Amino acid sequence: MIIFGTRGITSTVKQGQFCCPQCATDKNYKHKKVTRFFTLYFIPLIPLGSAGEYVECQSCKGTFVTRVLEYNPKLSQNSFQSEYEKAMRHSMILMMLADGEIDDKELEIVLQIINKFGHNDMTMTELTDYVDKVQSEGEPVGTYLKKIAPSLNEHGKEVIIKCAVAVAGADGHFDDSEKLLIGEMAQAMEMSNSHLKGILAELANPEPSFSEN
Ligand SMILES: [Zn+2]
């Protein structure tokens, strides 16, 4: 049997110092590029082109669009939100919408997580507006994550899985369809099975850690 497929490989293009919007001070960064390869027996053979690039803060592990390198907090009105934070919000909402209904408990948990992790606080009204927007787009979580995955590092992917599990468990239980969806999310982000199992085992702990390190 011939096993072939494609896989994204991440490499560092450049590194230096930048003003990290999340740390709000100068930190070391790595500018990373993801190249998609054709793989044969899991060995990357032929580069198929760029899948994306991002800037990773070596301190908080946040990932940002490359324009962040031009960011000067004194001059700029723009704020840069880290890519995983955006993806985390979006995928939690998709997770919440997966069963076709949104209850208040779920909304509350999502808002709590956003404001615990987030660096831009959100109100319940902003959240429900955002939910409406995501709902009207109607994109499945797998499709969304596949698109966004090249701008995320391992840290970002883990945060997204952890948050999705928290949303899934908001109603007090974690059922098989939710487990299946989490599996789909991990697959869309090209995470290995053992990586996912490790995260889920960590979360099965009575005191789940949502630390950023
Ligand atoms: Zn940082």
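Two strands pair if DSSP finds at least two bridges between them. That criterion underlies the strand partners visited below, in a model that is predicted.

**The sheet**

Select Val-34 first, together with Gly-52, its bridge partner in E3. Next add Lys-32, whose bridge partner in E3 is Tyr-54. Both pairs can then be placed in their wider setting by colouring strand E2, residues 25-40, and E3: the two pair in the antiparallel sense, over twelve bridges.

Now extend the selection to E1. The strands E1 and E2 run antiparallel and are joined by 16 bridges. For a landmark, pick Thr-6, which has Phe-38 of E2 as its bridge partner.

With E4 added, the whole arrangement can be displayed: an open sheet of four strands, ordered E1-E2-E3-E4, with antiparallel pairing. E1 and E4 occupy the edges, and each has a single partner strand, so one side of each lacks a neighbour in the sheet.

**The turns and loops**

Move to the hairpin of E1 and E2, where four residues lie between the strands and Ala-24 adopts a positive phi near 60°. In the hairpin of E2 and E3, two residues lie between the strands, and Tyr-41 takes a positive phi near 50°.

Select Phe-42 next, in the loop between E2 and E3. Phe-42 is not a glycine, yet its phi is positive, at about 65°. Is Phe-42 buried or exposed? Phe-42 counts as exposed, because it has 9 C-beta neighbours inside 10 Å.

Then go to Lys-61, in the loop between E3 and E4. Lys-61 also is not a glycine, and has a positive phi of about 70°. Since 18 other C-beta atoms lie within 10 Å, Lys-61 is partly exposed.

**The two domains**

Colour the protein chain by its division into domain 1 (4-70) and domain 2 (83-204). The centres of these domains, taken over C-alpha atoms, are separated by 22 Å. Their contact draws 13 residues from domain 1 and ten residues from domain 2.

Which strands should be highlighted on the side of domain 1 that touches domain 2? Strand E1 (4-20), strand E3 (43-57) and strand E4 (63-64) each supply at least two residues of that side. E3 gives the most, with four residues. By class, this side of domain 1 comprises five nonpolar, five polar and three charged residues.

**The helix pair**

Within the model, select helix H1 (residues 83-97) and helix H2 (residues 104-117), whose axes come within 11 Å and cross at roughly 170°. H1 is therefore roughly antiparallel to H2, given that angles over 145 degrees count as such.

Show the side chains of the contact residues: Glu-85, Met-88, Arg-89, Met-92, Ile-93 and Met-96 on H1, facing Glu-106, Val-110, Ile-113, Ile-114 and Phe-117 on H2. The residues of this contact divide into eight nonpolar, no polar and three charged.

**The final stop**

Finish at Lys-146, in helix H4 (residues 141-148). Lys-146 counts as partly exposed because 15 C-beta neighbours lie inside 10 Å. Add Ala-188 to the selection: the C-alpha atoms of Lys-146 and Ala-188 are separated by 4.8 Å, although the two residues are 42 residues apart along the chain.

Terms used: Residues are numbered from 1 along each chain as its sequence is written. This is a predicted model: local features need pLDDT of at least 70, side-chain atom pairs count only at pLDDT 80 or more; totals for chains, interfaces and linings use all residues. A residue is buried if 20 or more other C-beta atoms lie within 10 Å of its own, exposed if 12 or fewer, and partly exposed in between; C-beta atoms are placed from the backbone. Domain bounds come from an automatic or database domain assignment. Two residues are in contact if their C-beta atoms, placed from the backbone, lie within 7 Å. Ala, Val, Leu, Ile, Met, Phe, Trp, Tyr, Cys and Pro count as nonpolar, Asp, Glu, Lys and Arg as charged, and the others, Gly among them, as polar. Axes are lines fitted to C-alpha atoms, for helices over the stretch in contact, and angles run from 0 to 180 degrees between N-to-C directions. Angles under 35 degrees count as roughly parallel, over 145 as roughly antiparallel, 65 to 115 as roughly perpendicular and the rest as oblique.
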